[in-house]
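Please open the structure in your viewer and keep the selection panel at hand. The stops below follow one another, and each says what to select and what is to be found there.

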Amino acid sequence: MLKHELLVVGGGLAGLAAAVEGKERGLDVALVSKLHPVRSHSGAAQGGINAVLDESENCHDDSPERHAYDTIMGSDFLADQDAVKIMCDEAPNVIIEMEHAGCPFSRTGDGRIARKAFGCTDYARTCFGGSKTGHHLLQTLFGQAVKYQLTMYTEWVVTRLVVSGGRCHGVVCFDIESGEFVPIAATATMFATGGSGQVYSTNTTNALTSTGLGISLAYRAGVPIKDLEFVQFHPTGLYPSSILVTESCRGEGGQLINNMGERFMKNYVSEKVMELGPRDIVARSVQTEINAGRGFDNAFVHLDLRHLGEKKILEQLPGIRKLCITYAGIDPVFKPIPVWPSQHYTMGGIDTNEKTETEIIGFYAAGECACVSVHGANRLGGNSLLETIVFGRIGGSAIADYVPNADAPVESKLADAVRQEQSRFNQLVKGSGKENPYRIRDELSFVMMEKVGIFRNKQDMAMACARIKELKDHFSHIRPIQTNKSFNYDFLWVTEIEGNLDAAQIIAESALAREESRGAHFRTDFPTRLDDSWLKHTICEYTPDGPKLDYKPVKLGIFEPEERKY
């Protein structure tokens, strides 16, 4: 049986950061990824990574404390402030280390790391590499993994997290090429499986690989899930494909325009802020314009870059120009970009502390699948790449401290889990009905967009909860899956659809219970933030009848909650 001291599940930035840190600390580390790490969705992050560097004359009064304040304010005060402080304090070190490892950050004329302003701050603290920052960081960390000769099991998919007696013993993987189930025993297991955007598959910036499976595997193994009702919609997904159009466009001066030729953000936030308001507010503003008939074709608004000039667009936003030409048939040098709000980020996830530890001994999580809660109810642009590397590294270090005195995994538990997974596969091959799993996937996405989207209310969400239960019942009667073992993507996709159903149910049930508006969770029937009742985290635990909801307090201590104004 394969066995490692640290097993990382997920090959994006959080997973690679944890794996590299573990290797540097002398652990036997392996990484499992369902696709090659450099194809992970971290590479789709375009805009930048936030950090306060002390070399800029324009930001001489910026500080990690100010970065923390902006993050906590942006979170609508749901972020845990101890974790936010750790992230912001570590940010400069991350940039320096990534630069020393070879990350090609864009430069100013005098050779310094270039930075721009993103939303919700007065400071230019977002470091970037053209409009491919995530791609550059991913390639850099993958290079470090190769340097340390990291063991990688690519095109292997984890289908079961093995937990027994309150301890994690490892995972069961499905080897896509061979079709075999393979157990991997691990003293410590870290999930870094990314976001769950395919729950909203009809309109998401997320890749097809970003499903609810990672959340579902942890949830069904008894790990609490936190704050999953907070789902970020990016204001500028390319219409109609929903490919991300980075916040950098607005950071460089791009303007949002309705069909009346009006730069409409002045009606929603101060003229000082305009297009650089928090993403939840800008997304709601865009959708409000569309709903009021002030969009184009009642579907989108324009993001206008033409006034920036061809030189600036080619220098600062070359990737966006290429995306627009390729996928929308327009050149933003000469025409405005059609955009609409698209599901983008999962603020909630597997409940962890600031060391990435969960309630299950030996099980850790980092990155978008986790909720250490640095984003709270709304994430700021530039903080997601930062979170992945900071807490990936912290998790790798915490595991290095844990492993020497930890009990060995019990291999018999994994052998039992393999038999259970093979039995599940056999049952799916036999089939128990005629339901089309891909119709279930599409209907789930439609229900989530229509009923648990940007604007929410009790009636819609109650309907969504009821429909999700029906779809879960339909899923138990799907038609037989394909019988081939090798490259059986039907089995993989059906497994991911089941994960999406679990994640959707947690989102909808949690959102229905939270009777307030906070950050990305906006209810038309409860339009205000209610700190006396709802300044707390939602905690969901698995039961056969659906999620069991509980709550725990937000960690304050640095900044007291205040009204959120921009």
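**A tour by selection**

Begin by selecting strand 9 together with strand 16 (residues 363-365), which run parallel and are joined by 3 bridges. Within this pairing, T189 has F363 of strand 16 as its bridge partner. Before going further, please bear in mind that the model is a predicted one.

Keep strand 9 selected and add strand 1 (residues 2-9), which runs parallel to strand 9 and is joined to it by 7 bridges. Here V8 is the residue to pick out, since M190 in strand 9 stands opposite it.

Next, add strand 8 (residues 167-175), which runs antiparallel to strand 9, with 5 bridges joining the two. In this pairing C173 has V182 of strand 9 as its bridge partner. Follow the chain through the hairpin of strand 8 and strand 9, where 5 residues lie between the strands and G179 takes a positive phi near 80°.

How many of the residues of strand 9 are buried? If you colour strand 9 (residues 181-191) by relative accessible area, with buried taken as under 20%, 11 of its 11 residues are buried, so the strand is largely enclosed by the rest of the structure.

**An open sheet and its helix**

Now clear the selection and pick the 4 strands that form an open sheet in the order 11-14-13-12, with antiparallel pairing. Strand 11 (231-238) and strand 12 (255-257) stand at the edges and have a single partner strand each, so that one side of each is left without a neighbour in the sheet. Viewed across the sheet, neighbouring strands are turned against each other by 45° on average, direction ignored.

At one edge, zoom in on strand 12 and strand 13 (residues 301-304), whose antiparallel pairing extends over 3 bridges, and where L256 stands opposite L303 in strand 13. Then add helix 7 (residues 279-291), which packs on the sheet and touches strand 11, strand 12, strand 13 and strand 14 (337-346), while its direction makes about 60° with that of strand 11.

**The largest pocket**

For the last stop, select G43, A44, Q46, I243 and L323, which lie nearest the centre of the largest pocket among the 24 residues that line it. The space in this pocket amounts to about 720 Å³. Which helix gives the largest share of the lining? Select helix 9 (residues 318-327), which contributes that share with 6 residues. Colouring the lining by residue class then shows 10 nonpolar, 11 polar and 3 charged residues.

Definitions and conventions. Residues numbered from 1 in each chain as written. Predicted model: local features only at pLDDT ≥ 70, side-chain atom pairs only at ≥ 80, totals over all residues. Heavy atoms only, no water. Buried < 20%, exposed > 50% of the residue type's maximum accessible area, 1.4 Å probe, protein only. Pairing = 2+ DSSP bridges. Axes fitted to C-alpha atoms, helices over the stretch in contact; angles between N-to-C directions. Contact = heavy atoms within 4.5 Å. 1 Å grid on protein atoms, 1.4 Å probe; cavity = no way out; pocket = protein on both sides within 12 Å on 5 of 7 lines; lining within 4 Å. Points joined across faces, edges and corners; volume = space filled by probe spheres on them. Nonpolar A, V, L, I, M, F, W, Y, C, P; charged D, E, K, R; others polar.
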